[in-house]
Amino acid sequence: MSNKIEELRLEFEKALTEAKDRAALESVRVRFLGRKSGFLTEILRGLKDLNPEERRLIGAAANRLKGEVEARLAEAEKGLQEKPRTTLDLTLPGPEIKIGHLHPLTQIIRESVGFFEKIGFQVREGPEIETEWYNFDALNTPADHPARDMQDTFYLAPGVLLRSHTSPVQIRVMEKEKPPVRIITVGRCYRRDAQDASHFPVFHQLEGLMVEKGTHFTHLKGILTAFLEYVFPFSFKTRFTPSFFPFTEPSAEVSISCPVCQAKGCASCGHSGFLEILGCGMVHPNVLRNVGYKSKELTGLAFGVGIERIAMVKYGIPDIRLFYENDVRFLHQF
Ligand code: DAH
């Protein structure tokens, strides 16, 4: 009989090491201590059939084992509580969360608008669907003017078109507002251009207009030089060269020295040492007259900047089409 108790002890030890969770511990408990048919319960229950000597010996051994079994079970249960319930390791770094950001063109737009707001320009808006009058005629570009060729666009109906530049907003603002005027506008423009590395039928421009007594070319030079120094993070020289636009007189093109070759001449600048950035000039008196401004008393300056152009030069992007393809491998770099 005392052998039987020793066997039970060994069996209990084995069962206990195999029990890995709460449910398994509970069934070990039931197997050994269960009220109905637990092994130890049965032994204790059978004591009454033994002679007094045996009863004393076996009873003591069985009770000792019972106490041990209870203590070992309680210990094992506590051990389980201390172990984490799952195998989730909260100290491991989580999966990377990819956060989106502004499109490079939006970034350039916001930076540029921010600059002009700081120096006192206000933002105005105009429609992308324009009339021939606002897009061309009012800007001193009559139907037979050769300058219309360069800005051929999409006609939606006779006299109605997708604007080829942001300059018509100049007219819309001056029609509504009295001088002094200091405004900028940004938005999409359209041209019937074949796609290549530097042309796309849809693109963005930023337009500026300042009209007030005493405005002269040095204001234009100062504003645009400061603007270019604000948007480009490298050092460069700014160059104003004579140009032609029907709505400005005189007109100029602004270039910066090539940041790739430091104006020595390389493939990026077409070996000229300079990169054209924008067009500008003093508002043509005919334009002022077209909106009813007193062209004898007032002067104004205007400029138009290609947003894609700024981004391409700033970041060294070789192909305008990359902006519109939505390829995250390209976009995530900015
Ligand atoms: N609208 C011109 C273009 O798209 C750019 C331009 C040139 C705008 C001179 C101006 C300006 O306001 O004064 O080519």
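Glu-212 is buried, with a relative accessible area of 18%. The cut-off for buried is under 20% relative accessible area, so Glu-212 falls on the buried side. This residue lies in strand 6. Its side chain makes a polar contact with the side chain of Arg-182, at 2.9 Å. The structure described here is a predicted model.

**The ligand and its shell**

Strand 6 also leads to the ligand. Strand 6 (202-212), strand 9 (274-283) and strand 10 (299-306) each supply at least two residues of the shell around the ligand. In total, 16 residues surround the ligand. The closest are His-165, Ser-167, Arg-191, Gln-205 and Glu-207.

What is the make-up of this shell in nonpolar, polar and charged residues? Five are nonpolar, nine are polar and two are charged.

Three short distances link ligand atoms to protein atoms. The table lists them.

| Ligand atom | Protein partner | Distance |
|---|---|---|
| nitrogen | N or O atom in the side chain of Ser-167 | 3.0 Å |
| oxygen | polar backbone atom of Ala-302 | 3.2 Å |
| oxygen | backbone N or O atom of Phe-303 | 3.3 Å |

On its own, the ligand has 350 Å² of accessible area, and the protein covers 93% of that area. The space taken by the ligand is the largest pocket.

**Helix 11**

Helix 11 spans residues 307-315. How many of its nine residues are buried? Seven are, and the helix is mostly covered. The buried residues are Ile-307, Glu-308, Ile-310, Ala-311, Met-312, Val-313 and Lys-314. Just after helix 11 comes Gly-316, which takes a positive phi of about 65 degrees.

**Two buried polar residues**

Thr-185 is found in strand 5, which runs over residues 181-190. Is Thr-185 buried or exposed? Its relative accessible area is 2%, so Thr-185 is buried. A polar atom of the Thr-185 side chain has a backbone partner: the backbone oxygen of Arg-124 lies 2.6 Å away.

Gln-170 sits in helix 8, residues 168-176. Its relative accessibility is 1%, so Gln-170 counts as buried. Asn-135 is 35 residues from Gln-170 along the chain. The C-alpha atoms of these two residues are separated by 9.9 Å.

**Two glycines in loops**

Where does Gly-270 lie? Its place is the loop between strand 8 (248-257) and strand 9. Gly-270 has a relative accessible area of 55%. Exposed means over 50%, so Gly-270 is exposed. Gly-270 and Arg-35 are 235 residues apart in sequence. In space, their C-alpha atoms are 97 Å apart.

Gly-159 is in the loop between strand 3 (155-157) and strand 4 (160-162). Its relative accessible area is 22%, so Gly-159 is partly exposed. Gly-159 and Ser-257 are 98 residues apart in sequence. From C-alpha to C-alpha, they are 40 Å apart in space.

**In brief**

The ligand takes up the space of the largest pocket, and 16 residues surround it. Strands 6, 9 and 10 each give at least two residues to that shell. Glu-212, in strand 6, is buried and contacts Arg-182 through its side chain. Helix 11 is mostly covered. Gly-270 is exposed, and Gly-159 is partly exposed.

Terms used. Residues are numbered from 1 along each chain as its sequence is written. This is a predicted model: local features need pLDDT of at least 70, side-chain atom pairs count only at pLDDT 80 or more; totals for chains, interfaces and linings use all residues. Side-chain values use heavy atoms; hydrogens and water are left out. A residue is near a molecule or strand if one of its heavy atoms lies within 4 Å of it. A polar contact is a pair of N or O atoms within 3.5 Å; within protein, one must be able to donate a hydrogen and the other to accept it, and residues adjacent in sequence count only if both atoms are side-chain atoms. Accessible areas come from the Shrake-Rupley method with a 1.4 Å probe; for residues, only the protein chains shown count as cover. On a 1 Å grid over the protein atoms alone, a cavity is a set of points where a 1.4 Å probe fits but cannot get out, and a pocket is an open set with protein on both sides within 12 Å along at least five of seven lines; lining residues have an atom within 4 Å of a point. A molecule sits in a cavity or pocket if more than half of its atoms lie within 2 Å of its grid points. Helices (H or I, at least four residues) and strands (E, at least two) are DSSP runs, numbered from the N terminus. Ala, Val, Leu, Ile, Met, Phe, Trp, Tyr, Cys and Pro count as nonpolar, Asp, Glu, Lys and Arg as charged, and the others, Gly among them, as polar. Buried means under 20% relative accessible area, exposed over 50%, partly exposed in between (1.4 Å probe, protein chains only).
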